[in-house]
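Colleague: Thanks for sitting down with me over this model. Could you walk me through its side chains, one topic at a time?

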Amino acid sequence: MQSKVSPRLAEPLAPEILDLVFRPRIERELALGIEDLCAVNEAHLVMLASIGLVKPAVARALAEALSDIREEGDSAVPRDPAREDGYFNFEALLMARAGADAGGRLHVARSRNDINATLDRLAMRRVVLDLLAKTMALRQVLLRRASEFADTIMPGYTHMQPAQPITFGFYLTGIAQALARDASRLFSAYHAADSCPLGACAFAGTSFAIDRQLLADLLGFSAVHVHAQDAVASRDYGWEAGSAILAMAGNWGRFAQDIYVWGTQEFALLRFPDSIAGTSSIMPQKKNPVAVEYLKASSGEVIGGLTATFAILKGGHFSHAGDTGRSSLAPLWPSLRLAGNALAIARLVAEKIEPDAEMMRQRAGAGFSSATDLADCLVREGGLSFREAHHVVADLVRDALHRDLRPDEIGLGDVLAATERVLGHVIELPDEAVTQALDPVRSVAARRSAGAASPVETRRMIATALDEIEHDRARLDALHAHLASGRRQLEAQLEKLRQTAAPN
């Protein structure tokens with residue numbers, strides 16, 4: 001018994017090939033449904049009919065058969081591994097519905113190579129649009145919560161040590177700003193995928209006078225991917241999408257790491273509600289931040305798909321082959337889906353976490369996080385150079401820790417004693433200068449430089465970031481509208497074929 005797809009192969013496929021290569025390939029290719037396969041076939045049919053390469057009766061039969069298959073869904077398509085892939089199984093179904101002659105005529109001026117290249121780009125666009133929408137939703141929540149907590153004083157950390165006072169709203173605004181760059185990278189990844197390979201055929205084009213621009217328009221692509229070999233050989237847009245989610249994973253992972261630590265009993269700066277927590281099978285008292293742990297883990301998982309995709313592609317020739325054309329993006333799709341899931345969980349976590357404002361305020365005051373402000377005060381009020389002021393305050397803090405003094409217990413006399421020890425002389429300062437400088441609330445309020453932590457500046461940044469989201473949403477809506485316009489054009493042309501092409 002020869003091959004089901006070509007008499008070139010006189011032997012049936014080995015069972016191992018059927019079960020280990022082709023069966024998983026078919027399931028993978030049809031996992032997202034058959035809408036894209038239908039669209040590619042519909043667009044090619046409209047194009048062939050428009051230039052007279054299929055007769056009206058054939059076009060009508062094919063249009064009706066494709067309409068029926070689309071309506072029935074992917075369950076209508078057989079999964080016969082002897083037919084090698086999803087496309088050949090789809091074609092077999094189409095030939096059974098429209099007739100072998102009509103079904104066989106649809107494959108003129110195309111190849112599985114350009115079909116699969118087109119299917120990958122259609123899927124990539126859809127996935128990236130979904131990631132963009134989820135990124136915007138997360139940014140929106142972060143900024144809403146940031147506005148709620150723009151006045152909530154907390155210690156800012158560097159090297160995991162109290163550094164300078166900030167607000168929780170300022171912190172959340174920074175995460176949202178990082179995600180805005182991730183959105184920009186996703187838009188770039190979308191445009192990298194938004195050119196149409198259909199019509200490139202195997203890799204060298206065709207002798208038929210096809211209309212590749214029409215194919216691109218009907219499928220909602222912004223351009224034709226002109227060079228035929230590059231069109232079927234390239235999957236580098238996958239690297240752009242993978243790199244975008246890798247950068248994003250770094251951002252959501254670092255956010256998760258922060259709130260994971262801040263939610264411990266030792267830090268006690270944040271509380272997690274029960275709805276995003278788990279418990280222990282043995283320890284009755286446990287409440288575990290499972291949602292945050294999911295974010296921490298997923299930020300590491302996404303790198304696998306990008307690495308595997310690069311490894312497969314870089315080892316292939318610049319042409320079509322099973323590894324580069326079919327398998328190269330297979331490891332990336334799960335990473336992209338994981339990124340979408342992580343963004344949804346991150347949005348939930350951002351909505352649910354609650355800061356302990358009183359504990360944050362206490363920690364900001366107790367950890368000498370306003371020491372820099374005191375050094376600045378010595379520069380402004382005492383006429384010292386900053387390095388002199390830095391040394392004086394460093395000595396002051398060391399002495400206070402030795403004497404077990406809290407920052408709010410330090411007075412003018414302590415500062416003057418430190419200047420005497422470090423500089424050999426005292427300086428003149430207003431009586432209230434030290435108390436005001438060491439107050440974390442005053443410290444934060446005084447930070448008015450662009451991008452600083454004051455509530456006023458934080459709210460300005462939030463307003464700007466919300467405007468950026470609206471701009472990004474308009475861009476996203478425009479991309480969706482372009483795709484919808486192509487689909488409407490395709491449906492109108494298909495209906496015209498069904499209505500005007502009378503059978504012989």
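Colleague: To start inside, how many cavities of 30 Å³ or more does the structure hold?
Modeller: Keep in mind that this is a predicted model. A cavity here is a set of points where a 1.4 Å probe fits but cannot get out. With a volume of 30 Å³ or more asked for, the number of cavities is one.

Colleague: Which helix gives the most to the lining of the largest cavity?
Modeller: The lining is made up of Arg139, Leu143, Ala176, Gln177, Ala180, Ala465 and Glu468. Helices α6 (112-148), α7 and α20 (455-500) each supply at least two of the lining residues. With three residues, the helix that gives the most is α7.

Colleague: And how many residues of that lining are nonpolar, how many polar and how many charged?
Modeller: Ala and Leu count as nonpolar, Arg and Glu as charged, and Gln falls among the others, as polar. The lining includes Leu143, Gln177 and Glu468, so each class is represented. The division is four nonpolar, one polar and two charged.

Colleague: Let's turn to the rings. Why is the pair of Tyr87 and Phe88 tilted?
Modeller: The structure has seven aromatic pairs by the ring-centre rule. In the pair of Tyr87 and Phe88, the centres are 5.8 Å apart, and the planes meet at 45°. Planes under 30 degrees apart would be stacked and those over 60 edge-to-face, so with this angle the pair of Tyr87 and Phe88 counts as tilted.

Colleague: Are Tyr87 and Phe88 buried or exposed?
Modeller: The cut-off for buried is under 20% relative accessible area, while exposed needs over 50%. Tyr87 falls in the same class as Phe88, and that class is buried.

Colleague: What is the angle between the planes of Phe168 and Tyr171?
Modeller: Phe168 and Tyr171 both sit in helix α7 (residues 168-193), three residues apart, which is about one turn of the helix. Both of these residues are buried. Their ring centres are 6.3 Å apart and the pair is stacked, with an angle between the planes of 10°.

Colleague: Which residues do ring pairs link with Phe168 and Tyr171 into a cluster?
Modeller: The stacked pair of Phe168 and Tyr171 is part of a wider set. Ring pairs join these two residues into a cluster with Phe149, Tyr157, Trp262 and Phe267.

Colleague: Which residue lies over the face of Phe187?
Modeller: There are charges over rings here, and one of them is Arg125, which lies over the face of Phe221 at 4.0 Å from the ring centre. For Phe187, the distance to the ring centre is 3.8 Å, and the residue is Arg475.

Colleague: On to the charged pairs: which residue meets Asp439 in a salt bridge?
Modeller: Side chains of opposite charge can pair when their charged atoms come close. Asp439 is in the loop between α18 (433-437) and α19 (440-446), and its partner is in helix α14 (residues 357-366), 78 residues apart. The N to O distance is 3.6 Å, and the partner is Arg361.

Colleague: Does Asp408 count as buried or exposed?
Modeller: Asp408 and Arg406 meet in a salt bridge at 3.1 Å, N to O. Arg406 has 45% relative accessibility, so Arg406 counts as partly exposed. Asp408 reaches 59%, so its class is exposed.

Colleague: Last one: how many salt bridges does the structure hold?
Modeller: Some of them form a network, which links Glu42, Arg70, Arg487 and Glu491. Another joins Arg79 to Asp74 at 3.2 Å, N to O. The number of salt bridges in the structure is 36.

How values were computed: Residues are numbered from 1 along each chain as its sequence is written. This is a predicted model: local features need pLDDT of at least 70, side-chain atom pairs count only at pLDDT 80 or more; totals for chains, interfaces and linings use all residues. Side-chain values use heavy atoms; hydrogens and water are left out. Rings of Phe, Tyr and Trp (its six-membered ring) pair if their centres lie within 6.5 Å; planes under 30 degrees apart count as stacked, over 60 as edge-to-face and the rest as tilted. Buried means under 20% relative accessible area, exposed over 50%, partly exposed in between (1.4 Å probe, protein chains only). Helices (H or I, at least four residues) and strands (E, at least two) are DSSP runs, numbered from the N terminus. A charge sits over a ring if NZ of Lys or CZ of Arg is within 6 Å of the ring centre and within 35 degrees of the ring normal. On a 1 Å grid over the protein atoms alone, a cavity is a set of points where a 1.4 Å probe fits but cannot get out, and a pocket is an open set with protein on both sides within 12 Å along at least five of seven lines; lining residues have an atom within 4 Å of a point. Grid points are joined across faces, edges and corners, and a volume is the space filled by probe spheres set on the points. A salt bridge is a side-chain nitrogen of Lys or Arg within 4 Å of a carboxyl oxygen of Asp or Glu.
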